[in-house]
Amino acid sequence: MTTQCRAFKTSRRIHAEVMLLYIIVCQYGCSEGVADTATGSTITVKVGESVMFPFSAEGNQSYTADLLFNTFTIVTWYSQPFIHVREQYKERVSIGNHSIWLNNSRLSDSGLYQVKIEYTSGDFKPLEHTYFHLQVFEPVSKPNITAECLGSNVSLSCFSSQGTAVTYSWENLPPCGNDSYVHLGQATCLQLQAFSPSTTYACTAHNPVSRATSDSVDLEMCFPQRSQVRWVPALCATSAFLVFGALVLLYKRKQHQQYQRETIQVEVD
């Protein structure tokens with residue numbers, strides 16, 4: 001695998017801000033998409049969720065309401081009432097109280113929608129149009145990490161088997177405290193110091209409607225010399241303890257032998 005080393009590194013604070021942005025976006029469409037008729041804002045939903053397109057008319061006049069996707073009409077609603085639904089949408093469209101619902105959303109449903117109101121009685125009024133941009137996303141799955149040892153560097157890549165418009169970020173997991181860093185991108189190349197306090201990393205895949213984090217991976221395997229270096233202090237401490245214990249035993253044995261000689265000499269006298 002050929003991976004160009006990149007050093008996109010930000011603080012944990014920036015990572016928190018990115019996560020907050022995703023949460024704010026998710027609040028607009030993580031359960032049911034509801035269009036904003038005032039601003040025509042984007043509706044963001046997961047695959048399989050329902051989308052509501054609200055509409056309203058002035059006064060008690062008769063009118064028709066059409067829901068259009070791109071250039072063709074999906075539904076025509078008459079205030080008598082009478083409903084005409086395009087054939088391929090009959091199993092997925094329902095009408096509520098001044099609202100048209102598109103159920104079981106699909107990726108192919110993404111695009112520009114408009115609700116058109118035309119008055120058929122009373123004083124003349126121009127057509128009313130409200131536009132919505134629907135974005136349907138497939139939720140991300142739990143990503144997997146692959147690691148490749150490249151001499152003194154480690155190449156990491158992250159992959160989620162499902163999801164639409166997926167972005168990735170990496171976070172190292174320190175042994176204690178909250179001082180971690182984030183690497184942005186699906187792949188990254190790291191250069192770890194010989195005495196780096198943390199070699200454990202996790203990858204997060206996210207899109208505007210979901211996020212999932214991988215199992216953590218320890219990069220210690222790429223640095224066997226680190227393990228050897230870490231064993232040196234322990235080995236030195238163990239050796240020092242054994243030497244000290246041997247000296248103590250020799251000292252006590254010598255004292256015991258001297259005591260025995262003194263006791264024998266006293267008995268002889």
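Colleague: What share of the contacts with a separation of 6 or more comes from residues 24 or more positions apart?
Modeller: In this predicted model, such residues account for 58% of those contacts in the chain. A pair counts as a contact when heavy atoms lie within 4.5 Å.

Colleague: How many helices and strands does the chain have?
Modeller: It has two helices and 19 strands. A DSSP run of E needs at least two residues to be named a strand, so β9, at residues 99-102, qualifies.

Colleague: How much of the chain counts as buried?
Modeller: Of its 269 residues, 35% do, meaning that each of these has under 20% relative accessible area. The chain exposes about 16600 Å², and 56% of that comes from carbon and sulfur atoms.

Colleague: What makes β3 and β7 edge strands?
Modeller: Start with the order of their open sheet, β3-β11-β10-β5-β6-β7, in which the six strands have mixed pairing. β3 (42-46) and β7 (82-85) each have a single partner strand, so one side of each has no neighbour in the sheet. From one strand to the next, the twist averages 20°.

Colleague: How do you know that β6 and β7 pair?
Modeller: Pairing takes at least two bridges found by DSSP. Between β6 (residues 72-78) and β7 there are four, in the antiparallel sense, so the two strands pass that test. Valine 75 stands opposite valine 85 in β7.

Colleague: Which strands stand at the edges of the sheet β12-β13-β16?
Modeller: This open sheet has three strands and antiparallel pairing. Its edges are β12 (144-150) and β16 (187-191), as each pairs on one side only. Ignoring direction, neighbouring strands here are turned by 20° against each other on average.

Colleague: And why are β12 and β13 called paired?
Modeller: Seven bridges join β12 to β13 (residues 153-159), and the two run antiparallel. At least two bridges are required, so the label holds. Glutamate 148 stands opposite serine 155 in β13.

Colleague: Which strands are joined to β9 by bridges?
Modeller: Among them are β4 (residues 51-54), with four bridges, and β8 (residues 93-96), also with four. Both run antiparallel to β9. Isoleucine 100 in β9 is the bridge partner of phenylalanine 53 and of isoleucine 95. β8 and β9 form a hairpin with two residues between them, and histidine 98 in that turn has a positive phi of about 55°.

Colleague: Which way do the residues of β9 point, and are they buried or exposed?
Modeller: Ser99 and Trp101 point one way from the strand, Ile100 and Leu102 the other way, and all are buried. In a regular strand, side chains alternate between the two faces of the sheet. The four residues of β9 each fall under the 20% limit, so "buried" applies on both sides of this strand.

Colleague: Where in the chain is confidence lowest, and where is it highest?
Modeller: Strand β1 (residues 9-11) has the lowest mean pLDDT, 41, while β18 (residues 210-213) has the highest, 95. Residues 1-31 have a pLDDT below 50, and beyond near neighbours in sequence this stretch makes 46 contacts in the model. Residues 227-232 are also below 50, with four such contacts. The chain averages 76, and 65% of the residues score at least 70.

Colleague: Why be careful where pLDDT is low?
Modeller: Predicted coordinates should not be read in detail there.

How values were computed
Residues are numbered from 1 along each chain as its sequence is written. This is a predicted model: local features need pLDDT of at least 70, side-chain atom pairs count only at pLDDT 80 or more; totals for chains, interfaces and linings use all residues. Side-chain values use heavy atoms; hydrogens and water are left out. Axes are lines fitted to C-alpha atoms, for helices over the stretch in contact, and angles run from 0 to 180 degrees between N-to-C directions. pLDDT is the predictor's confidence in each residue, from 0 to 100. Buried means under 20% relative accessible area, exposed over 50%, partly exposed in between (1.4 Å probe, protein chains only). Accessible areas come from the Shrake-Rupley method with a 1.4 Å probe; for residues, only the protein chains shown count as cover.
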